[in-house]
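Colleague: Walk me through this model, please, and expect me to ask what backs up each term.

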Amino acid sequence: MTATDTALVPDADLLASPRGADHLDLLESHAIFVLREVAAESERPVLLFSGGKDSAILLHLALKAFRPGRFPFPVMHVDTGHNFPEALAFRDARVAELGEELIVARVQDSIDRGRVVDPGPGQSRNRLQAVTLLDALAEHRFDAAIGGARRDEDKARAKERVLSFRDAFGQWDPKRQRPELWRLYQGRVLPGEHVRAFPLSDWTELDVWRYIEREGVELPSIYFAHRRAVVERDGMLLALGEWVAPTESERVETTSVRFRTVGDATCTGAVRSEAGTVAEVIAEVASARTSERGATRADDRFSETAMEDRKREGYF
Amino acid sequence: MAPVAPPGAPSTTDGTGIDLLRFAAIGSVDDGKSTLIGRLLFDTRQLADDQLEAVSAASKRRGVSEIDLSFVTDGLRAERDQGITIDVAYRYAATPTRKFIIADCPGHVQYTANMATGASTADLALVVVDVTKGLREQTRRHVCIAALLGVDQLVVAANKMDLVDWEPGPYEAVRTEVAALAARLGIGSCTVVPVSALHGDNVVAPSDLAPYYDGPTVLAALEAAPAGAWSAVHGHHVGTAARLPVQWVLRNGSARSYAGIVDGGPLRVGDKVMVLPSGRRSTVSIVRTYDGSLESAPVGMSVSVELDDDIDVDRGDLIATTDDPPMVTSDLEATVCWFGPHPLSAGARYRVKHTTRVAPARVIEVVARLDVNDLALVGTAELADNEIGVVRLTTGTPLAVDPYTTNRVTGSFVLVDEATNATLAACMVGRPPLAGEPGGG
């Protein structure tokens with residue numbers, strides 16, 4: 001449904017509700033506000049889209065913020081080259097359906113240009129993305145990058161502003177963040193600097209899934225239970241594929257799994273799951289004893305402050 | 001008290017009807033804010049197993065024998081190494097009917113700007129006071145800033161009761177001091193709970209160590225507090241005077257609609273409005289979201305509106321109902337929390353961001369400084385870092401403002417450094433709303 005073809009229908013529920021809007025209404029409204037502020041205050045914003053669930057919600061919110069107009073920014077994927085085919089197909093289909101511009105910034109290009117060193121076959125390129133991202137921001141002169149990161153994902157992200165300042169080297173300095181008062185988001189920067197904007201800052205994993213259910217947001221199929229050949233490595237279930245092969249000592253099993261996050265395929269773990277529908281996923285997430293990234297991201301296990309260290313370098 | 005749900009348990013109503021309470025944990029350094037938040041999350045089972053393991057491992061690595069719950073929110077390397085909170089950590093908790101957004105604020109004076117960041121969006125402040133030390137200047141500063149920011153509900157944790165053997169005297173002393181401070185600041189509700197964050201008494205589980213106390217636990221007080229208080233500063237307004245600061249102009253063919261968040265009161269089709277600062281008048285013809293048209297949009301909703309007349313409306317303009325409109329002025333008197341590296345003084349030039357409008361501004365006069373100990377305004381020529389005062393400014397374009405005590409959105413603005421874009425001050429239109437005599441705290 002677009003804003004132009006609807007009849008004048010009073011929303012009885014909203015009018016009748018004595019307590020006003022519920023928490024999803026408030027989170028949605030705030031996220032739309034952030035998108036509009038960034039679009040208005042930045043010279044050249046860009047929306048980061050990986051094909052994952054959080055960025056799928058960002059696209060959905062961008063529709064709500066800017067239709068019937070076009071998005072006031074292009075959509076950019078920082079591509080490690082280690083993709084789940086389902087996520088890539090979803091990315092292309094979704095952007096084509098919306099008729100918006102897609103930029104793909106490839107880690108492989110950064111490797112070919114000698115900007116970063118290829119960690120080798122089967123090794124995660126997650127950390128290299130920061131260089132590719134910063135190069136792409138510089139190349140296109142983007143001064144605001146809108147991302148789907150949430151504060152509940154990690155203790156370093158829990159500290160970050162909704163509009164988070166990056167210096168001319170792309171660095172985040174957690175000890176010198178701009179005060180962020182009320183909803184007075186302040187996105188102005190000097191040439192070469194930029195801000196990261198996180199409209200989903202206050203959303204939890206459960207909020208995300210409830211919103212997906214409420215809005216009928218489409219997702220790549222790998223978010224739902226399917227049978228897949230996996231190996232258990234460092235306590236994580238890694239999907240076998242083009243970039244992950246079992247070592248001699250590893251036992252391959254084919255079992256019902258789904259992904260809680262979608263990232264570099266070499267370091268994104270699956271979880272054992274029978275949840276085939278959004279409602280089943282919500283029930284599973286609500287009772288999970290492991291956090292989203294704890295269950296699924298090998299890259300956060302290097303050290304106690306792995307995310308903080310990556311973020312200082314310019315990571316999402 | 002509602003039963004505590006496991007982490008983010010689904011509500012009885014499938015996630016609908018859950019309300020939202022934002023609160024900020026404030027108070028002086030080392031009084032135990034982070035430990036209390038850690039305890040609250042731990043005892044309500046909001047922490048995942050891997051998060052607990054990580055906190056436990058970090059505690060061991062730093063030679064702490066028991067699990068140090070402050071590490072739940074102190075996530076930066078420097079914070080853990082120094083054992084302090086540097087910047088606000090946001091954490092989330094859920095019961096079947098309420099989502100909590102928790103801002104764990106730093107206590108040090110030098111990080112007051114970060115504390116104000118956390119408190120500026122809060123419906124409620126959870127004040128942590130070490131009963132062995134009483135109400136310190138920094139606690140007073142925090143409560144004062146929270147009150148100036150419009151926080152009208154306090155839950156006070158009189159913490160470290162285990163260190164005074166749960167004697168009623170120290171608790172009573174804190175309670176009396178806090179009550180006087182709250183009264184002077186015009187704070188509507190204030191509950192003081194004797195707790196031990198370290199051992200968990202009266203945080204989530206009621207304790208029988210304080211037989212003289214029959215009030216709620218910290219969690220019960222948080223669950224009972226009204227949500228959505230943010231938009232109802234000191235219980236004022238939430239009436240009819242709608243405001244829509246225009247963020248963005250949406251075009252559809254020749255039609256233009258103006259997008260933003262509704263504030264002040266519901267905005268309805270048929271409302272007579274004026275566009276400020278120009279003062280041009282029109283009538284709201286359409287209120288809508290992407291999902292369809294509405295007869296009325298409540299406070300807090302992102303919408304776009306069309307007007308009957310084809311008049312000039314841009315980002316930065318304010319659409320307001322014609323009854324009880326805001327004041328349009330270039331001369332502002334405001335209560336200012338100053339965070340700049342250099343003192344604020346007359347003649348200095350800054351950029352103002354007010355609602356969605358940006359304008360140049362000059363300081364005419366620093367009128368007074370607020371002494372946070374006796375809550376009196378004292379004459380001064382400048383404000384130093386982390387001081388609060390009353391300042392007169394003039395702006396390069398007129399702004400449509402309300403007093404902060406009646407509207408947090410149209411009554412607030414920030415000062416920005418024109419050279420570096422750093423945010424230097426939180427400003428509230430009007431003088432500090434102090435009640436009673438100075439020194440009453």
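Modeller: Vocabulary to start with: helices and strands are DSSP runs (H or I over at least four residues for a helix, E over at least two for a strand), numbered from the N terminus. With those labels, B:Pro277 is in the loop between β11 (272–276) and β12 (280–289) of chain B. The model is predicted, with local features needing pLDDT of at least 70 and side-chain atom pairs pLDDT 80 or more, while totals for chains, interfaces and linings use all residues. Residues count from 1 along each chain as its sequence is written, chains are lettered from A and ligands numbered from 1 in the order written, and side-chain values use heavy atoms, leaving out hydrogens and water.

Colleague: What kind of peptide bond joins B:Leu276 and B:Pro277?

Modeller: A cis one, with omega about 15 degrees. Chain A has one too, from A:Arg67 to A:Pro68, with omega near 15 degrees; A:Pro68 is in the loop between α3 and β2 of chain A. Why flag that? Because most peptide bonds are trans, and most residues other than glycine have a negative phi. On the phi side, B:Trp166 is not a glycine, yet has a positive phi of about 60 degrees. That residue is in the loop between β5 (153–159) and α6 (168–184) of chain B.

Colleague: How do you know that β1 and β2 of chain A pair, and which way do they run?

Modeller: Two strands pair if DSSP finds at least two bridges between them. Two bridges join β1 (residues 45–48) to β2 (residues 75–79) of chain A, and these strands run parallel, so the rule is met. In β2(A), A:Met76 is the bridge partner of A:Leu48.

Colleague: What makes up the sheet in chain A?

Modeller: Six strands in an open sheet, ordered β3-β2-β1-β4-β6-β5, with mixed pairing. At the edges are β3 (102–106) and β5 (163–166) of chain A, each pairing on one side only. Neighbouring strands there are turned by 30 degrees against each other on average, direction ignored. Helix α6 (residues 129–139) of chain A packs on the sheet, touching β1, β2, β3, β4 (144–146) and β6 (194–197), and its direction makes about 145 degrees with that of β2(A). Touching here is contact, meaning heavy atoms within 4.5 Å. The angle is between N-to-C directions, on a scale from 0 to 180 degrees, using lines fitted to C-alpha atoms (for helices, over the stretch in contact).

Colleague: And what order do the six strands of the open sheet in chain B take?

Modeller: β2-β3-β1-β4-β5-β6, again with mixed pairing. β2 (89–94) and β6 (189–194) of chain B are at the edges with a single partner strand each, so one side of each has no neighbour in the sheet. Seven bridges join β1 (residues 19–26) to β3 (residues 98–104) of chain B, a parallel pair. One of the bridge partners there is B:Ala103 in β3(B), matched with B:Ala24.

Colleague: How do you know that the chains meet, and how many residues does each give to the contact?

Modeller: Chain A gives 73 residues and chain B 93. The buried area is about 7100 Å², with 54% from carbon and sulfur atoms. A:Lys159, A:Trp182 and A:Arg289 supply 13% of what chain A buries against chain B, more than any other three residues. Buried area means the accessible area (1.4 Å probe) lost when two parts are put together, summed over both.

Colleague: Why is the link between B:Asp87 and A:Arg161 called a salt bridge?

Modeller: The term needs a side-chain nitrogen of Lys or Arg within 4 Å of a carboxyl oxygen of Asp or Glu. B:Asp87 and A:Arg161 come in at 3.1 Å, N to O, so the label holds. The rule finds eight such bridges across the interface of chains A and B. B:Lys353 and A:Glu37 meet at 2.8 Å, N to O. B:Lys353 lies in β19 (residues 349–354) of chain B and A:Glu37 in α2 of chain A, so this pair joins two chains.

Colleague: Last one: what is A:Val278 in contact with, leaving aside its neighbours within four places in sequence?

Modeller: A:Trp209, A:Ile212, A:Glu213 and A:Phe224. A:Val278 lies in helix α8 (residues 278–287) of chain A. A:Val278 and A:Glu213 are 65 residues apart in sequence but 6.1 Å apart in space, C-alpha to C-alpha.
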